[in-house]
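Q: Could you walk me through this one? I'd like to begin with the ligand and then zoom out.

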Amino acid sequence: MADEVVVIEGDGIGREVVPAAVEVLEAFDIDFEFVEAEAGDAVKEATGEALPTETYETVADADATLFGAAGETAADVILPLRDAVDSFVNVRPAKAYPGVDALRPETDVVFLRENTEGVYAGHEDRLSEDLSTLTRVVTASASRELAEYACEFVGDGRGPDGRDGFTVAHKSNVMRETDGRFRREVLAVAEERGVDADEELMDAFATKLPLDPSQYGVVVCPNLAGDVLSDLAAGLVGGLGLLPSANVGHENGLFEPVHGTAPDIAGEGIANPTAAVLSAAMLLEHLGHVEEGGRVRTAVESVLSDGPRTGDLGGDATTEEVTAAIVDRL
Ligand code: GGG
């Protein structure tokens, strides 16, 4: 039976990098059924809805989704899409590749970001003209589920260099109840599973990561912290054009570059397709096409090493030229 993959380009450079990733997927002799769906600013302008119900249901029923980025409507699109695939963890690898001018070439870190709650979950209220509030939800069940995943992740050798432990980043010295619960549950699961886990206050982590990224491998963190810290790591490896992500659910998954719509370069055909193509590699692996996913990574690494590169990496190649080079080296 064909793997049903929903393709949502979204806005801005999503319209350029997602077709590049699809081109890479199409290069394999795999029976994919691609289903196009819409989300983001453009569909909101046309229909009044940033995430049409039809898109949500199509994503929920599919095997996997490849998503680009949403602009002003990001909050109305990204969180519900993650919910549609029942995602509990956002996996974000930040790796410095040979040939890329990275601030910290020794960086090889995978962030495992809690994906359903925390301050990022959108429980906000405007109580008056002067007062807005946010309710932060942290549950033992979501923290433990993330920790179970982290234990399996490192246990399977999926951490950088096969590292077999992880670091929990939190701020439990101040947010004693919420981050305190998160920290306690994650560390408890690690202990129950016999997995090495150490901990770092997230502000200290933000200082120590750029100073010496080699001391970190897999980093487990709350939702917003994962968003911010992975962007920090992007700055160490050569920019956001290089970071893919996987929103992993129990069966389904949503795969998207970490970057947004990049309105400054959208429409020019010069966006770096690497993050989207590496997200497609994660999609392949999620669907069990592990060998093909590995081939995509190898081809991407080869092109980054000595192939054409886009402007963000100091080159002048177009999205199409980089994509063609990747496909050529599969
Ligand atoms: N590619 C998804 C996207 O739109 N990224 C930009 C963004 O705002 N991301 C926030 C998030 O991943 O939670």
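Q: What lies 2.7 Å from an oxygen atom of the ligand on the Arg92 side?
A: Bearing in mind that this is a predicted model, a polar atom in the side chain of Arg92 is placed 2.7 Å from a ligand oxygen.

Q: And how far is Tyr120 from an oxygen atom of the ligand?
A: An N or O atom of the Tyr120 side chain is 2.7 Å from an oxygen atom of the ligand, while on the backbone side a polar atom of Val258 lies 3.2 Å from a ligand nitrogen.

Q: OK, how much of the ligand does the protein bury?
A: The protein buries 86% of the 360 Å² that the ligand exposes when taken alone.

Q: Which residues are closest to the ligand?
A: Of the 14 residues that surround the ligand, the closest are Arg82, Arg92, Tyr120, Glu256 and Pro257; sorted by class, the shell holds 6 nonpolar, 3 polar and 5 charged residues.

Q: Which elements supply at least two residues of that shell?
A: Strand 3 (64–69) and helix 4 (74–84) each do so, and the pocket in which the ligand sits is the second largest.

Q: Switching to the overall fold, how many helices and strands are there?
A: The protein has 11 helices and 12 strands. Its radius of gyration is 19 Å, close to the 20 Å that the globule rule gives for 330 residues, so the protein is as compact as a globular protein of that length.

Q: What box do the C-alpha atoms fill?
A: Along the principal axes, the C-alpha atoms fill a box of roughly 50 × 45 × 45 Å.

Technical notes:
Residues are numbered from 1 along each chain as its sequence is written. This is a predicted model: local features need pLDDT of at least 70, side-chain atom pairs count only at pLDDT 80 or more; totals for chains, interfaces and linings use all residues. Side-chain values use heavy atoms; hydrogens and water are left out. A residue is near a molecule or strand if one of its heavy atoms lies within 4 Å of it. A polar contact is a pair of N or O atoms within 3.5 Å; within protein, one must be able to donate a hydrogen and the other to accept it, and residues adjacent in sequence count only if both atoms are side-chain atoms. Accessible areas come from the Shrake-Rupley method with a 1.4 Å probe; for residues, only the protein chains shown count as cover. On a 1 Å grid over the protein atoms alone, a cavity is a set of points where a 1.4 Å probe fits but cannot get out, and a pocket is an open set with protein on both sides within 12 Å along at least five of seven lines; lining residues have an atom within 4 Å of a point. A molecule sits in a cavity or pocket if more than half of its atoms lie within 2 Å of its grid points. Helices (H or I, at least four residues) and strands (E, at least two) are DSSP runs, numbered from the N terminus. Ala, Val, Leu, Ile, Met, Phe, Trp, Tyr, Cys and Pro count as nonpolar, Asp, Glu, Lys and Arg as charged, and the others, Gly among them, as polar. The radius of gyration is taken over C-alpha atoms; the globule rule is 2.2 Å times the number of residues to the power 0.38.
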